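Below are some notes on the model, set out as numbered points. They are meant to be read with the coordinates open.

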Amino acid sequence: MLQVDNLNVYYGNIHAIKDISFDIKQGEIVTLIGANGAGKSTILKTLSGLLRSKTGSIKFMDQDIHHMVPNAIVKNGLAHVPEGRHVFAQMTVEENLEMGAYTRKSSEIAPSLEHIYDLFPRLKERRRQTAGTLSGGEQQMLAMGRAMMSKPTLLMLDEPSMGLAPILIEQIFDIIKELHKQGTTILLVEQNAQMALSIADRGYVLETGRIVLSAPARDLLEDDAVRKAYLGG
Amino acid sequence: MLFISQLLNGLQLGSIYALVALGYSMVYGIIMLLNFAHGDIIMIGGYIALFSIASGVHPALAVVMAIVGCMLLAMLIEKAAYKPLRSAPRISLLITAIGVSMLLQNVAQLLFGAGARSFPSSSIINAQNLSFGGIQISITAIVTIIVTIISMLVLTFLVQKTKMGKAMRAVSEDLGAAQLMGINVNHVVSFTFAVGAALAGIGAILYCCRYPLVSPTMGSLLGLKAFVAAVLGGIGSIPGAMVGGLAIGLAEVLVTAVGLSAWTDGVVFAILIIVLTFRPTGFFGRSMMEKV
Ligand SMILES: Nc1ncnc2c1ncn2[C@@H]1O[C@H](COP(=O)(O)OP(=O)(O)OP(=O)(O)O)[C@@H](O)[C@H]1O
Ligand SMILES: [Mg+2]
């Protein structure tokens with residue numbers, strides 16, 4: 001479904017992503033783990049078109065999306081929940097969700113809203129509230145719900161557990177599993193490697209812009225080097 | 001008695017400032033540009049109305065032509081001058097805006113001459129005053145205030161309820177997230193310039209009805225004062241531009257009413273300095289922290 005080959009991304013002359021290749025098959029949960037500054041967010045931003053790579057190719061559903069603008073990429077079914085949520089703080093919860101459906105026909109919005117409210121009853125209760133007044137966990141739910149409003153086939157999540165209490169992290173991961181069960185393929189970026197690997201099919205380990213390991217998630221959970229570096233021994 | 005006509009007078013002037021200030025604020029909200037060419041759009045609007053009425057076009061149609069002309073010009077300027085600089089440092093954008101402003105003034109001077117031409121205001125609004133038991137009420141003032149209120153209502157609806165308006169708010173809050181929603185930022189920017197210019201076009205007509213003279217530099221002082229109004233209200237804020245405009249208009253009239261008419265411009269710029277010193281976010285401005 002997604003095929004990335006020899007991707008190189010620069011910030012000025014900082015070489016942030018070095019010759020990375022990976023792939024995601026329909027129906028998988030794939031996770032990218034790595035320490036701060038490894039380049040995880042940079043990869044997602046490049047996939048969604050916010051950043052341009054210098055060389056390499058990105059194929060999504062057999063289409064070259066490499067030179068597409070972000071709005072065309074969203075339309076093709078690739079949605080991105082950015083790190084730090086980035087909800088529209090001064091807009092209401094419902095307006096945020098409507099923005100998520102920006103590329104879709106207005107007649108399709110109402111049924112999608114119902115679907116999202118079923119998944120996130122908390123958002124329904126707070127639909128008229130401005131997003132800035134939500135708690136961190138609720139904002140994460142909103143950011144995810146908003147991305148789902150575009151009906152993506154591949155959902156990319158950048159550190160959804162960041163800054164949340166353990167109980168909320170459990171909830172967020174349950175929702176990710178639910179979205180996956182309903183047919184969405186998932187690319188999950190996490191620093192919480194334990195959680196990410198526990199729900200993923202496969203994982204890639206990223207170190208300073210390079211993929212250093214790639215294996216089924218179960219194997220990574222048992223890998224000594226990975227346990228030392230990312231799972232606290 | 002005098003108070004009421006002065007109040008109307010202030011509201012009239014303030015309405016015009018508010019209409020023009022909105023264009024500054026909306027554009028700033030979207031691309032963080034202080035569009036100093038905005039005042040000169042007004043001047044072009046004035047000339048379009050002037051020439052079309054002079055050549056026999058029905059005044060109502062002339063007004064529409066002026067508004068549409070302002071919109072097209074603003075979109076053209078955005079595409080040609082600002083869009084290529086979207087990722088350049090903000091100072092380059094600002095300098096470009098000043099350059100565009102000078103270009104417009106000089107082209108107008110070349111084409112239409114440096115002198116002021118008189119504007120046929122009476123063919124747009126019948127300029128007679130009503131008199132109620134000694135109170136002089138200017139019809140032009142009443143029409144200006146009503147047209148402004150209607151424009152504000154339409155704008156509020158547009159921004160709050162329409163898809164494009166919501167996209168505008170989304171872009172102004174968080175450009176990156178807005179792109180991830182699939183919003184085409186180029187369309188939103190064009191749209192914002194067009195709406196701002198339409199309001200400026202309306203402002204141009206109303207301004208020419210109050211001061212019926214059109215000249216190549218008529219937009220600079222009006223533009224500057226509207227800019228002060230936008231800053232006073234909080235640059236980037238739509239309600240701020242409305243309130244800021246009215247406040248500046250009323251302040252000017254007040255200064256004139258107490259006999260200091262030579263000081264009106266000075267007072268307006270003193271307000272700018274005071275706001276920038278003590279409350280740079282204005283009445284309704286978001287703090288910079290929130291913006292980042
Ligand atoms: N806008 C930028 N300009 C310059 N360098 C940047 C920029 N954004 C990121 N970088 C650099 O690129 C590298 C990768 O950053 P990135 O944000 O992708 O890391 P990350 O894996 O997402 O980290 P984190 O876990 O902290 O979110 C880092 O060295 C970072 O300093
Ligand atoms: Mg990151």
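1. A residue is called buried when its relative accessible area is under 20%, exposed when that value is over 50%, and partly exposed in between. By this cut-off A:E94, at 12% relative accessibility, counts as buried. The model is a predicted one, and the points that follow should be read with that in mind.

2. The side chain of A:E94 is paired with that of A:R127 in a salt bridge, with an N to O distance of 3.0 Å. Because A:R127 belongs to the loop between helix 5 (121-125) and helix 6 (136-148) of chain A while A:E94 belongs to helix 3 of chain A, the pair ties together parts that are 33 residues apart in sequence. The two partners fall into separate accessibility classes, since A:R127 is partly exposed at 22%, whereas A:E94 is buried at 12%.

3. Another salt bridge in chain A is formed by A:R122 and A:E138, whose closest N and O atoms are 2.6 Å apart. Here A:R122 sits in helix 5 of chain A and A:E138 in helix 6 of chain A, so that the pair ties together parts that are 16 residues apart in sequence. The arginine, A:R122, is partly exposed with a relative accessible area of 36%, while the acid, A:E138, is buried with a relative accessible area of 6%.

4. In chain B, a salt bridge joins B:K225 to B:D265, and the closest N and O atoms of the pair are again 2.6 Å apart. The link spans distant parts of the chain, with B:K225 in helix 9 (residues 218-233) of chain B and B:D265 in helix 11 (residues 264-278) of chain B, 40 residues apart. In this pair the lysine, B:K225, counts as buried at 6% relative accessibility, and the acid, B:D265, counts as partly exposed at 28%. Beyond single pairs, A:D23, A:K25, A:E28 and A:R202 are joined into one network by salt bridges that share partners. Over all chains the structure holds 18 salt bridges.

5. Which protein atoms serve as donors of the magnesium ion (ligand 2)? They are OG of A:S41 and OE of A:E83, lying 1.9 to 2.0 Å from the ion. Because A:S41 lies in helix 1 (residues 40-47) of chain A and A:E83 in the loop between strand 6 (78-81) and helix 3 (93-100) of chain A, the pair ties together parts that are 42 residues apart in sequence. Of these donors, A:S41 counts as buried at 16% relative accessibility, whereas A:E83 is partly exposed at 31%. I would add the caution that water is not among the atoms, so sites may look incomplete.

6. Turning to the interface, 21 residues of chain A are in contact with 20 residues of chain B. The area buried between the two chains is about 1,900 Å², and carbon and sulfur atoms give 60% of it. Of the area that chain A buries against chain B, 34% is supplied by A:F88, A:Q90 and A:Y102, which is more than any other three residues supply.

7. The rule finds two salt bridges across the interface of chain A and chain B, and a salt bridge between the side chains of A:E98 and B:K166 has an N to O distance of 2.5 Å. Six residue pairs are found in polar contact across the interface of chain A and chain B, with both residues at pLDDT 80 or more. On the side of chain A that touches chain B, the elements giving two or more residues are helix 2 (70-75) and helix 3 of chain A, and helix 3 of chain A has the largest share, with four residues. By class, that side of chain A has ten nonpolar, seven polar and four charged residues.

8. A:N8, found in strand 1 (residues 2-11) of chain A, is buried with a relative accessible area of 10%. Its side chain makes a polar contact of 2.8 Å with the side chain of A:H15. Not counting residues up to four places away in sequence, A:N8 touches several others, among them A:I17, A:D19, A:S53 and A:T55.

9. A:T184 is placed in the loop between helix 7 (166-181) and strand 8 (185-190) of chain A, and this residue is buried with a relative accessible area of 5%. Leaving aside neighbours within four places in sequence, A:T184 is in contact with A:M148, A:P152, A:T153, A:L155 and A:L179.

Notes: Residues are numbered from 1 along each chain as its sequence is written. Chains are lettered from A and ligands numbered from 1 in the order in which they are written. This is a predicted model: local features need pLDDT of at least 70, side-chain atom pairs count only at pLDDT 80 or more; totals for chains, interfaces and linings use all residues. Side-chain values use heavy atoms; hydrogens and water are left out. Donors are N, O and S atoms within 2.8 Å of the metal (3.2 Å for Na, K and Ca); water is not among the atoms, so sites may look incomplete. Buried means under 20% relative accessible area, exposed over 50%, partly exposed in between (1.4 Å probe, protein chains only). Contact means heavy atoms within 4.5 Å. Buried area is the accessible area (1.4 Å probe) that two parts lose on being put together, summed over both. A salt bridge is a side-chain nitrogen of Lys or Arg within 4 Å of a carboxyl oxygen of Asp or Glu. A polar contact is a pair of N or O atoms within 3.5 Å; within protein, one must be able to donate a hydrogen and the other to accept it, and residues adjacent in sequence count only if both atoms are side-chain atoms. Ala, Val, Leu, Ile, Met, Phe, Trp, Tyr, Cys and Pro count as nonpolar, Asp, Glu, Lys and Arg as charged, and the others, Gly among them, as polar.
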